Amino acid sequence: MTLDTRALDRFLDDVASARVAPAGGTGAAVAGALGTALCEMVCVHSADTTGGTLADVRDDLRTERDHLSDLAAADAAVVDGLFAAADGPDEAGLKRATGVPITTAEACLTVLELAVDVTERGSPTAVADAVTGVLLVDAALHASLRTARHNLDRIADPSFVAVIEERTAEIEVRADDARDRAMGNAEAR
């Protein structure tokens, strides 16, 4: 197999360009989608320890990968919108710039929770790929939370800030637990 890198190169060139988007949030969503795809691959190449398949987990992972791809595009659109405003970002724009990375983090959390099954039931010879996926998704999740918190610092609405702070804290705790369980499963294989 040869990898046609033209589309990837174009994306990376866009990130490294003078344009404001795609930026960090888009990159995080793409990294999360890549990690998800690796976990899907393990499902394809595995029969679980009871002789069943991981088809149900794979379907759920595919849904989240598609969601993360959509979020990458949404993030780029939000960033473009923020920088296009003549008077600078308004409160509504900043709330969107917080909401997209939170949603990205939530999608990554779902993937990490699914990865617990992948690393527990997947083929031992393929689990190393799931570990790479877990690490990419975990990094994407934490980067997304950091972006959300950065944008949240510029929002004046205290009730919105409180809700988002609570959500970020819950996502982080659940994600760390899921990542640790997935990694523990892989190490036990």
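# Exercises on a predicted all-residue model

Of the 189 residues of the protein, 41% count as buried, and the coordinates worked through below belong to a predicted model.

**Exercise 1.** Work out which secondary-structure elements the protein contains and in what order they run.

*Solution.* Begin with the count, which gives 6 helices and 0 strands. Then follow the chain from the N terminus, along which the elements read α-α-α-α-α-α.

**Exercise 2.** Decide what the radius of gyration of the protein says when it is set against the value for a compact globule.

*Solution.* The first step is the expectation: for 189 residues, a compact globule would have a radius of gyration near 16 Å. The second step is the value for the protein itself, 18 Å, which agrees with that expectation. To add the extents, the C-alpha trace spans about 60 × 40 × 25 Å along its principal axes. A last step turns to contacts between residues at least 6 apart in sequence, of which 81% join residues at least 24 apart.

**Exercise 3.** Describe the largest pocket by stating its volume, the residues closest to its centre, the helices that supply its lining and the character of the lining residues.

*Solution.* Start with the volume of the largest pocket, which is about 220 Å³. Next, take the 14 residues that line this pocket, among which Val 79, Leu 82, Phe 83, Ala 97 and Asn 151 are the closest to its centre. Then assign the lining to elements: helix 2 (24–44), helix 3 (55–84) and helix 5 (127–152) each contribute at least two residues, and the largest share, 5 residues, comes from helix 3. Finally, sort the lining by residue class, which yields 7 nonpolar, 5 polar and 2 charged residues.

**Exercise 4.** Explain why Cys 43 does not form a disulfide with Cys 39, and determine whether Cys 39 and Cys 43 are buried or exposed.

*Solution.* The criterion comes first: a disulfide requires a pair of cysteine sulfur atoms within 2.5 Å. The cysteine sulfur closest to that of Cys 43 belongs to Cys 39 and lies 7.3 Å away, so the two are too far apart for a bond. Seen from the other partner, Cys 39 is likewise in no disulfide, its nearest cysteine sulfur being that of Cys 43, and the count of disulfides comes to 0. For the second part, buried means under 20% relative accessible area. Cys 39, with a relative accessible area of 0%, is therefore buried, and Cys 43, with a relative accessible area of 5%, is buried as well.

Terms used. Residues numbered from 1 in each chain as written. Predicted model: local features only at pLDDT ≥ 70, side-chain atom pairs only at ≥ 80, totals over all residues. Heavy atoms only, no water. 1 Å grid on protein atoms, 1.4 Å probe; cavity = no way out; pocket = protein on both sides within 12 Å on 5 of 7 lines; lining within 4 Å. Points joined across faces, edges and corners; volume = space filled by probe spheres on them. Helix = DSSP H or I, 4+ residues; strand = E, 2+ residues; numbered from the N terminus. Nonpolar A, V, L, I, M, F, W, Y, C, P; charged D, E, K, R; others polar. Buried < 20%, exposed > 50% of the residue type's maximum accessible area, 1.4 Å probe, protein only. Rg over C-alpha atoms; globule rule 2.2 N^0.38 Å. Contact = heavy atoms within 4.5 Å.
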